[in-house]
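Ready to practise reading a protein model? Take your time with each exercise, and try it yourself before you look at the solution.

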Amino acid sequence: MTKQFKFLALYFTALAVVLVSSCSNEDDFFHPQEPSEGNTRGVIQDGYLLVSFEDNGLITAGPTSYGANLYDGYVAVAGYPRFTSQVDPLTNLKYGVNEDGWGGSYNFWNGGVAVSTWNYRSNTGTHATTDWWYSYQNQCSVYNVASEDGTNAGAGRNGSDHFAIVFGYTDTYTGYGGTSSMAFTNNTERRFDRMYVCNSSYTYGVMENGNAFTQGSLKDNKGYFHLIARGYKAGSATPVASDTIALADFRNGKNILIDTWTEFNLVNIKKQTVNKIEFDFEGSDSGMYGLNTPAYACIDDIYIALN
């Protein structure tokens, strides 16, 4: 009887060690965010964690579609506190505005990822006689024709209210990298399967009409504009895989100019686990000072494999 009791005691002790170890490993991924961070919602759907940017606790770009709260010196307006970064509470996926190298300042002009609800895609109100809708003053709007222009609601994928605006690219003229990224804060590595993308209003309008900084309409010049995603292992500065999607392509008889949420299948990145996704841009309208097309895109519904 004593031997049997000792055996059972050893068995349950071993089982407890296994369970604690298993829970510890799981906590490396499912880890609560720091209390000071804003929240985003991760939803489990069909074997994937869905980062959809839908949560009442989100800090969104504002108080206008310019997104003044993405810059230092911003004076807070009710409903739009200063934004630097947020962490998804289920996945610990962190994103935000890049540090600009000036002693801890965070400014969107140096690249970043921010949540938005704006969807102006035409001139409106006091902006009726200008090209405001495709200027930096409207840089946080998505050009999604499935939503009602200017309502600033329901412009995300499947009629959701929130999405993320991505800005920044590698400057081929100076070599300076102002790309944006999202990474798991605890060095966890998971499989990014796919996400959905749409053009920003600023970028769409410039590609369609041109502006003072471009070589004219991208369509007239039969050009292209690509969003690039790169996957990185934890602690590595070298990407292990990359995928590209055309936000616009008018070469060889093509007529691509994305104006609804479109699947970006990460066919190469999904083949292995990564810690970080970096976003970059390239396009045919480039000059001696680098890319002329505004380096923005909107993303939503990021699918991350559970296993």
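The exercises below deal with a predicted model, and they cover two pockets and one helix.

**Exercise 1.** Find which residues lie closest to the centre of the largest pocket, and describe its lining by class.

*Solution.*
Step 1: Begin with the space itself, which is about 460 Å³ in the largest pocket.
Step 2: Look at the lining, which has 21 residues; Phe167, Tyr169, Leu291, Thr293 and Ala295 are the closest to the centre.
Step 3: Sort the lining by class, and you get twelve nonpolar, eight polar and one charged residues.

**Exercise 2.** Work out which elements give two or more residues to the lining of the second largest pocket.

*Solution.*
Step 1: Note the volume of the second largest pocket, about 180 Å³.
Step 2: Collect its lining residues, including Lys94, Tyr95, Gly96, Ser181, Met182 and Ala183.
Step 3: Match residues to elements: strand S5 (93–96) and strand S8 (180–184) each give two or more.
Step 4: Finish with the classes in this lining: five nonpolar, four polar and one charged residues.

**Exercise 3.** Is helix H2 (residues 201–209) largely enclosed or not, and why?

*Solution.*
Step 1: Recall that buried means under 20% relative accessible area.
Step 2: List the buried residues of H2: Ser201, Tyr202, Thr203, Tyr204, Gly205, Val206 and Met207.
Step 3: Seven of the nine residues are buried, so H2 is largely enclosed by the rest of the structure.
Step 4: See what those buried residues pack against: strands S10 (224–232), S11 (239–249), S12 (256–257) and S17 (296–305).
Step 5: Step past the helix, and you meet glycine 210, with a positive phi near 75°.

Definitions and conventions: Residues are numbered from 1 along each chain as its sequence is written. This is a predicted model: local features need pLDDT of at least 70, side-chain atom pairs count only at pLDDT 80 or more; totals for chains, interfaces and linings use all residues. Side-chain values use heavy atoms; hydrogens and water are left out. On a 1 Å grid over the protein atoms alone, a cavity is a set of points where a 1.4 Å probe fits but cannot get out, and a pocket is an open set with protein on both sides within 12 Å along at least five of seven lines; lining residues have an atom within 4 Å of a point. Grid points are joined across faces, edges and corners, and a volume is the space filled by probe spheres set on the points. Ala, Val, Leu, Ile, Met, Phe, Trp, Tyr, Cys and Pro count as nonpolar, Asp, Glu, Lys and Arg as charged, and the others, Gly among them, as polar. Helices (H or I, at least four residues) and strands (E, at least two) are DSSP runs, numbered from the N terminus. Buried means under 20% relative accessible area, exposed over 50%, partly exposed in between (1.4 Å probe, protein chains only). Contact means heavy atoms within 4.5 Å.
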